[in-house]
Amino acid sequence: MARVGQVKARGVDSGSARLTDRVSLGVLAEVFPRDVIEDVLTETGRRERRSRLLPAHVVVRFCQAMCLFFDDDYEEVMHKLVGSLRSMGSWRGEWNVPSTSAITQARQRLGFEPLRGLFERTAVPVAGPGTKGAWCGSRRLMAVDGFMLDVPDSEENSVEFGRRNSGTRDGAFPQVRVLVLAECGSHAVVGASMGPCKTDERALARGFLSRLEEGMLVTADRNFYSFDLWAEFRDSGADLLWRVNSNLQLPVVEWLPDGSFLSIACDPDIKGRKRDDLVGRVRDGCSVDPDEGHLVRVVEYDVPDRVGSASGEIICLVTSVLDPVEATAEELAAAYHERWECETLIDEIKTHQRGPARVLRSRSPDMVRQEIWALLLTHYGIRNLMCRAADEIGEDPDRLSFMRTLRIIRRHITAQADFSP
C-alpha cells in the first residue's frame, strides 16, 4: 500500500495579497470581447431587430455586473456600469439609465441561452505549462464537484427546481444543483451543468462531456463512480483519477513496483462465476471487452493525522493511467488531493462573490439559469485574469487573493475603468 504524508494547505504569507496589485485590469475586456458577444447573440437569435434603450449586448454586460454587486438593486448596478460601458463605446451619450422594470423586461427578452453560449465559447483552460499546481506530469489537473444555490421562493422556481427536506420539513427555498468541471491550478470553471436540487450529479455530468479532452486528468470523489459514466468520460480521451467506495470489488490482476496494482472494474451485472472467469482471462493476458469491464490501476493509501476523519482511513483511487512510469502512486495521491481546489472555488462563488447565505435574485426558472451562467462567467473572468497575472511573475495563482481582486474590479467599475464587467 502506497503511503503519502499529510496533505498541507498552501501557505499564504502576509505580503502575498499584494501580488494582486500586479493584475492588469485593462485586459479583462479581452476575456469577453464585444464581437464574441455579438456572434453569440446572432447564433441564439437574440440580437434585437429594432433600436432599444437596452441593446442585447448591454444586457449581457449588465447580467455579469449584477453578479459582482449582489447587494445593489438593478438601477444602482446599472449606474455603476454606465461609466465602463461609455469608455468601451457600448453606451450612447443620449441614453438614460433605465428603470428596474425596463431592466427586468430586457433580461427576459435576452433569456439564458446567450449567457450559456458565451460561457461555452470563452471558458477554456487557462493554466500555462509553468502554472504551479496545474499539472500531474504532462496532464492538466481537472476536478468535478457540485454545489447548491438557493433561489427565490416563487411557485415557478419551486415546481422547476424543488426543495430538499430534512425529515418532514421542506427547505425554506427552492434550490438548484450545479455541477462544474474546473481546472485545479487556476480555479477556472470550464464546464457546467445545472438542474433540480434532487438531480443525481452523475446525470448532470453528461451535460459537459464535450468539454473534456485528451491531456486532462479528471478527478472526482467517491460518490461519482459508475461503470457507465467511467466509460463515457474515457470516450472523451481524458484520463481519470476517481476515488471509489470500499465496497467496489477490485481484484488484483498484477502488482506494480510502486505498490499500486492493475485491476478490472467489472460491469455490476456480471456476477459470480462469470465475474471470476472474466478476471481469470485478464490475468492470463486476454484483453478486456469494454462492455464487460474496465482495466484500471488502483492506488490505496492513508493520510496520517487527517483532520476531520478517522486516523488510518484507507483512500482507494482508480485511474486510467496504467503505467507507473507516467505517474507513480505517490504522485497520483498528491494529484487527487488537488481536487480540494474545487472546494475553494465553490467558496469563492458562493461566499465571496455572491455573499454568504444569499438567495439569487431571479423569480423564474429561465432567469435563474441566466443568473447562474452570468455568475460562472464573472468568476471565470476573474480567475482567468488572476492566473495570467500569476504566470507573468512565476507565482502560484493560489497566492493571489480572490477577494482582493474582486474588490479591485468592483472599485474600478465604479470609477469608470475601461474594462468589461
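**Entry 1: the cover of helix H10**

I looked up what lies over the buried residues of H10 in this predicted model. The cover includes strand E10 (261–266) and strand E11 (293–302).

I then listed the residues beneath that cover. Arg-275, Leu-278, Val-279 and Val-282 are buried in H10. They lie on the same side of H10, because the arc they cover around the axis is only 95°. This fits a general rule: an α-helix has 3.6 residues a turn, so residues three or four places apart point the same way.

I turned next to the face of H10 directed away from the buried side. Arg-273 and Asp-276 are the exposed residues carried there.

**Entry 2: the length and the end of H10**

I checked the span of H10, which comprises residues 272–283. With 12 residues at 1.5 Å a residue, H10 should span 16 Å, and the 17 Å between its end C-alpha atoms agrees with this.

I also noted what comes after the helix. Gly-285 follows H10 and has a positive phi, near 100°.

**Entry 3: Val-178**

I located Val-178 in strand E5, which covers residues 175–183. Is Val-178 buried or exposed? Its relative accessible area is 0%, so Val-178 is buried.

I asked which residues Val-178 touches, leaving aside those up to four places away in sequence. They are Asp-145, Gly-146, Phe-147, Leu-149, Ser-193, Met-194 and Ile-372.

I followed one of these contacts, Ile-372, further. Val-178 and Ile-372 stand 194 residues apart in sequence, yet their C-alpha atoms are 8.8 Å apart in space.

Key
Residues numbered from 1 in each chain as written. Predicted model: local features only at pLDDT ≥ 70, side-chain atom pairs only at ≥ 80, totals over all residues. Heavy atoms only, no water. Helix = DSSP H or I, 4+ residues; strand = E, 2+ residues; numbered from the N terminus. Expected span 1.5 Å × (residues − 1). Buried < 20%, exposed > 50% of the residue type's maximum accessible area, 1.4 Å probe, protein only. Arc of directions from axis to C-beta. Contact = heavy atoms within 4.5 Å.
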